[in-house]
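Open the model in your viewer and keep the selection tool handy. We'll go stop by stop, picking something to select and then looking at what is there.

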Amino acid sequence: MIVRFGYVAMSTVVKNASPSKTMTYKTFSSLSDREAAVRRLEFIAADNLHNTLRLLRHNEANDIKVFRFSSKLLPLATHEALAGWNPYEALIEQFQAIGNFVKKHDMRVSFHPDHFTVLSTPRAEVLQNSIRDLRHHVAMLDAMGLNGRTKNNIHVGGAYGDKPSAATRFRENVSALSDSIKQRLMFENDDKTFNAPETLELCEALGIPMVLDIHHQWVNNEGEQPGDLWPRIMRTWQSTYAQSGSLGTDPLPPKIHASSPKSASDPRGHADHVSALPLLGFLRAIAPMTKRLDVMLEAKLKDGALFALMEDLRKYEGDGVKILNEASVQIMP
């Protein structure tokens, strides 16, 4: 099994490269010249996009092919007061530069809209805002020229005191989404509410691929082992929307999230690094049935944690582990 590792949004190695600089609406509205205020927003966004391209170049230099974009690339892009602003068109050259680099170097990139994007909600205004946010993420990917293989990852959301009803609402709300949004979606199990079996059932019903978060599964499960659901999870990656926009290219490998507990007293929190041995145990368990896998590391030290994990995995070389490059390994079945 070939395993590629990636990291989330920001680098702890590359200095002064934040892709998440922002402006509050209070600051924006305090500027008397609205056109100048919009230009300032575009300047901040352009800097975020420039830093994103810097990070992608850093990734390519270090063989990192899996990366999650910051969802904060465009400050205030979904604020109702900015409804007339089209940042995707205004910044098309910067978006296209990112997309061209991703395609040239065959990278797998994604977004993870924040926890306010909730499709299980009983509140119409929250649902409306959630759909607006998903459209925003799709618009950014479209501006980059990236097809439906590039996904947005979300959780199912809250239970609101009645999990079966929340799951039903989620199915209905997802089913009502446009295909342009659905083909971009992945669903992930969470650490408190919708566990892996429950999330998998929804993925199967909706034809959406599932991202297994093995840390979340460890702290929120029904007694299953992490690999018990794996054959079914893999099949979701051949489902209706999993390969959208593939244009005859290789199928997308399954994707998981990996992190380590922050402490015994905070098992749900994410540690600075990822412990190699528990992750390696899972990888060895699924290797006989899996050809390729992409792993998003959700550690606080970002790419620094990735490099540290690779150093730890080198200790197991010859013991069913082969180091392929700076960010990929082969796990022998």
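## A walk along the strands and into the spaces

Keep in mind that this is a predicted model. Start by selecting S5 and strand S6, residues 210-213: the two pair in the parallel sense, with two bridges between them. For a landmark, pick Phe187, whose bridge partner in S6 is Met210. Now add helix H8, residues 196-206, to the selection; S5, H8 and S6 together make a right-handed β-α-β unit.

Stay on S5 (residues 185-188) and turn it around. Are its faces covered or not? Both are covered: Leu185 and Phe187 are buried on one side, and Met186 and Glu188 are buried on the other.

**Next selection: S4, residues 151-155.** This strand also pairs with S5 in the parallel sense, over four bridges. Two spots are worth labelling. Asn153 stands opposite Met186 in S5, and His155 has Glu188 of S5 as its bridge partner. S4 is mostly covered too, since four of its five residues are buried, where buried means under 20% relative accessible area.

**Then S3, residues 108-111.** S3 and S4 run parallel and are joined by two bridges. To find the pairing on screen, click Ser110 and look for its bridge partner in S4, Lys151. Follow the chain from S3 through H5 to S4 and you trace another β-α-β crossover, which is right-handed.

**Now the enclosed space.** How many cavities of 30 Å³ or more does the structure hold? Just one. The largest cavity has about 30 Å³ of space. To see what surrounds this cavity, select Arg108, Val109, Ser110, Arg149, Lys151, Met186 and Lys255. You've already met some of these: Ser110 and Lys151 are the bridge partners from S3 and S4, and Met186 is one of the buried residues of S5. S3 gives the most to this lining, with three residues. By class, the cavity lining divides into two nonpolar, one polar and four charged residues.

**On to the open space.** The largest pocket holds about 1,600 Å³. Its lining has 48 residues, so don't try to label every one; go for His112, Pro113, Asp114, His115 and Phe116, which lie nearest the pocket centre. Which element gives the most to the lining? Select helix H5, residues 124-144: H5 supplies seven residues, the most for this pocket. S4 contributes as well, with at least two residues in the lining. Colour the pocket lining by class and you should get 14 nonpolar, 20 polar and 14 charged residues.

**Last stop: His273.** Look in the loop between strand S7 (255-258) and helix H11 (276-286), where His273 lies. Is His273 buried, partly exposed or exposed? The relative accessible area of His273 is 38%, and because the partly exposed class runs between 20% and 50%, His273 counts as partly exposed.

Show the surroundings of His273 next. Setting aside neighbours within four places in sequence, His273 is in contact with Ser260, Ala299, Leu301, Ala305 and Ala308. To finish, draw a distance from the C-alpha atom of His273 to that of Ser18: the two residues are 255 apart along the chain, and their C-alpha atoms are separated by 20 Å.

Key:
Residues numbered from 1 in each chain as written. Predicted model: local features only at pLDDT ≥ 70, side-chain atom pairs only at ≥ 80, totals over all residues. Heavy atoms only, no water. Buried < 20%, exposed > 50% of the residue type's maximum accessible area, 1.4 Å probe, protein only. Pairing = 2+ DSSP bridges. Right-handed = clockwise from strand over helix to strand, strands pointing away. Contact = heavy atoms within 4.5 Å. 1 Å grid on protein atoms, 1.4 Å probe; cavity = no way out; pocket = protein on both sides within 12 Å on 5 of 7 lines; lining within 4 Å. Points joined across faces, edges and corners; volume = space filled by probe spheres on them. Nonpolar A, V, L, I, M, F, W, Y, C, P; charged D, E, K, R; others polar.
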